[in-house]
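Me: Could you take a close look at a single part of this model and follow its connections outward into the rest of the fold? I would like one connected account rather than a list.

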Amino acid sequence: SYADLQERMNRAGNALKGLGLQPEQRVFMCLSDGVDFPAVFFGAMKAGFIPVPVNSMLTADDYEYMLGDSRAPVAVVSAPLLDIFEPLIGRLPRLRQIVVSGDGGGEHGDLGALMAAAEPSLEAAETTADEVGFWLYSSGSTGRPKGAAHLHGDLVYTVAYYAVGVLGMTADDVVFSAAKMFFAYG
């Protein structure tokens, strides 16, 4: 339910705050589609951090570049991708911690445990519609991927002008998106 999502989002935001992140720091997200993706994405935004969701099918070189470019101190990754990210900790001085979604995180932070221990309520950080809310990287078809900053208000515009204005969606609609969650359209 939306109430369940809100609680998970609040717990994720509080868990990230518990890692010592400062306002406007990036949270690198390489997560498979599932309930942790929106919880971490919206939880990071609500806590005042900047989520950076990336394609979960890239190479270690791509991730190293994007982590360095974004200067994210924390990466939240799905367990099957952990082997790609572990070697990057020593090579990227700003990357302090990996948090793992799913089983098999070993000595890294366990997202499920961090969220279970976090408070279920979270006061929204003081942000404005014209502040950076999240980053999305381009596909890199013309060179290295570019990190595109999106504003907090962009999400509202997407709903108002595309979902409602173009697609004619209402609160009664149920939607299935074939696109992966890390895609802008997803």
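Reply: Two strands are taken to pair if DSSP finds at least two bridges between them, and a strand here is a DSSP run of E with at least two residues. The model is a predicted one, and the part I have chosen is strand β4, which spans residues 97-101. Four of the five residues of β4 are buried, so the strand is largely enclosed by the rest of the structure; buried here means under 20% relative accessible area.

β4 pairs with β3, residues 74-78, in the parallel sense and over five bridges, and within that pairing Val 76 stands opposite Val 99 of β4. β4 is also joined by two bridges to β5, residues 109-110, again in a parallel arrangement, and there the bridge partner of Val 100 is Asp 110 in β5.

Val 76 leads from the strands into the interior, being among the residues that touch the most other members of the largest nonpolar core, a group that also includes Leu 16, Val 27, Met 29, Val 40 and Phe 49 in a core of 26 residues. The elements giving two or more residues to this core are α1 (2-18), β1 (26-30), α2 (36-47), β3, α6 (111-117) and β6 (132-137), with α2 supplying the largest share, seven residues. Leu 16, leaving aside neighbours within four places in sequence, is in contact with Val 76, and also with Leu 21, Val 27, Val 40, Ala 44 and Phe 49. Apart from this core lies another, of 22 residues, among them Cys 30, Tyr 63, Ala 72 and Tyr 137.

Two of the helices that contribute to the largest core, α1 and α2, are also linked through charged side chains. Asp 36 and Arg 8 meet in a salt bridge, with N and O 2.4 Å apart; Asp 36 lies in α2 and Arg 8 in α1, so the pair ties together parts that are 28 residues apart in sequence. Asp 36 is buried, at 17% relative accessible area, whereas Arg 8 counts as partly exposed at 28%.

Helix α1 also holds Asn 14, which is buried with a relative accessible area of 17%. Not counting residues up to four places away in sequence, Asn 14 touches Ala 118, Glu 119, Ser 121 and Leu 122.

Methods. Residues are numbered from 1 along each chain as its sequence is written. This is a predicted model: local features need pLDDT of at least 70, side-chain atom pairs count only at pLDDT 80 or more; totals for chains, interfaces and linings use all residues. Side-chain values use heavy atoms; hydrogens and water are left out. Buried means under 20% relative accessible area, exposed over 50%, partly exposed in between (1.4 Å probe, protein chains only). A nonpolar core is a set of buried Ala, Val, Leu, Ile, Met, Phe, Trp, Tyr and Cys residues joined through side-chain atoms within 4.5 Å. Contact means heavy atoms within 4.5 Å. A salt bridge is a side-chain nitrogen of Lys or Arg within 4 Å of a carboxyl oxygen of Asp or Glu.
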